[in-house]
Amino acid sequence: MSNRIRLGMVGGGNDAFIGAVHRIASRIDDHYELVAGALSSTPEKSRASGEALGLPRIYDDFRQMAIREARRKDGIEAVSIVTPNHVHFSAAREFLKRGIHVICDKPLTSTLADAKKLVKAAEASDALFVLTHNYTGYPMVRQARDMIAQGDLGALRVVQVEYPQDWLTTEQDFKQANWRTDPNQSGAGGSTGDIGTHAFNLACFITGLEVESLSADIQAFVPGRQVDDNAHVLLRFAGGARGMLWSSQVAPGNENALRIRIYGEKGGLEWAQEDPNYLWHTPFGEPKRLITRNGAGAGEVAGRVSRVPPGHPEGYLEGFANIYTEAATAIHALRNGEAVPPEVTFPTVIDGLKGVQFVSACVKSSARDAAWVKLDH
């Protein structure tokens, strides 16, 4: 009998970019077998997508899928939820209450109220909840996190993180743009929810710090747009560090330019997603040092999520795959009645809640002329 985890998918049909990404990621390390899906909001599209993928079982909707799969001896053990944001809560709840592990795309939900309900649903379930903030799976992000935890930068002082894109610089009319700029589907945040949550999560993941409060100035530059397409956010971290976050989808010349710079009393670190295999470390008063993925200076924490020798590009898809593999390791441990290994790391439902709190606080702060708003953790 195959040891692969039986996987289902909600959303991610033929015309959905992120569904294909998740399917590729789940296959890279051969831990999963996709066997069921409710791949679209209409039964006809779901069936057409499922047949194109050769799925053994295709469902009209996610509730039907959750009920029927939970009754089967060979039913799915985990489900990927890759729908627009407003569906995350209702879909995840159906599977969690039936003990099926959930691997959900970010942000957690479209509203803060739903995020809090989903936390309760996850805590009441025996199933895992994994949120695919894929950048936390990059080896040099893990390297940076470990160096900070080991004290290489000393007490942290300044965190600068940005995620600019340009694809929504003008009004667009296609599926990926339409739902992301519709507050009924995306939630109150536009760029803050879509990419700002990535930047926020990355800053907290690498530094290990909590954001206590923020001051945000958000805009919708494109006429008629109902959600923000640009945001400047000041951050106050617990312990005294200060930060700045910029997210924008109207910055011509930028594709997926996620970058982070972190400075402490002993030195600084710099990492850029578009050049992900390199991490710059500058001890104070010394020349910059380049640490390469699987190269000199990279530690075991980065090495355990690397696959190929240094110099070969490894990035976006592999970052997702690392989240899927960490989830698989945890699922296999639970299958065997064992504790999840301590080195296993993936974003949780709590990280998702913090992301939605970030978006909510940005919207609230900007409406109050950039007043400082506390984040309730």
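This is a short walk through one protein chain, from its overall form to one helix, a pocket and a cavity.

Please keep in mind that the model is predicted. I will start with the whole chain. There are 377 residues, and a compact globule of that length would have a radius of gyration near 21 Å; the chain has 20 Å, so the two agree. Along the principal axes, the C-alpha atoms fill a box of roughly 60 × 50 × 35 Å. The secondary structure comes to 12 helices and 15 strands.

How much of the chain is buried? The share is 56% of the 377 residues. On the outside, the accessible surface is about 16,200 Å², and carbon and sulfur atoms hold 50% of that. As for contacts, take those with a separation of 6 or more: 67% of them join residues 24 or more positions apart.

Next, a single helix. Helix H6 covers residues 139-149, and 8 of its 11 residues are buried, so the rest of the structure largely encloses it. The buried ones begin with a run from Pro139 through Met140, Val141, Arg142 and Gln143 to Ala144, and then come Met147 and Ile148. Just after H6 sits Gly151, with a positive phi of about 90 degrees.

Now the pocket. The largest one has a volume of about 580 Å³. Its lining has 35 residues, and those closest to the centre are Gly11, Ser40, Ser41, Pro84 and Lys175. Which elements give two or more residues to this lining? They are strand E1 (5-11) and three helices: H2 (43-53), H4 (85-96) and H7. Sorted by class, the pocket lining has 14 polar, 12 nonpolar and 9 charged residues.

Last, the enclosed space. The structure has 1 cavity of 30 Å³ or more. The largest cavity holds about 40 Å³ of space. What lines it? The residues are Asn85, Trp179, Arg180, Ser186, Gly189, Gly190, Gly193 and Asp194. Helix H7, residues 175-180, supplies at least two of them, and so does helix H9, residues 191-207. By class, this lining has 5 polar residues, 2 charged and 1 nonpolar.

One link is worth pointing out on the model. H7 gives two or more residues to the lining of the largest pocket, and H7 also supplies at least two to the lining of the largest cavity. If you want a place to begin looking, find Lys175, one of the residues closest to the pocket centre, and then go along to Trp179 and Arg180 in the cavity lining.

Definitions and conventions: Residues numbered from 1 in each chain as written. Predicted model: local features only at pLDDT ≥ 70, side-chain atom pairs only at ≥ 80, totals over all residues. Heavy atoms only, no water. 1 Å grid on protein atoms, 1.4 Å probe; cavity = no way out; pocket = protein on both sides within 12 Å on 5 of 7 lines; lining within 4 Å. Points joined across faces, edges and corners; volume = space filled by probe spheres on them. Helix = DSSP H or I, 4+ residues; strand = E, 2+ residues; numbered from the N terminus. Nonpolar A, V, L, I, M, F, W, Y, C, P; charged D, E, K, R; others polar. Rg over C-alpha atoms; globule rule 2.2 N^0.38 Å. Buried < 20%, exposed > 50% of the residue type's maximum accessible area, 1.4 Å probe, protein only. Contact = heavy atoms within 4.5 Å. Areas by Shrake-Rupley, 256 points an atom, 1.4 Å probe, with all protein chains shown as cover.
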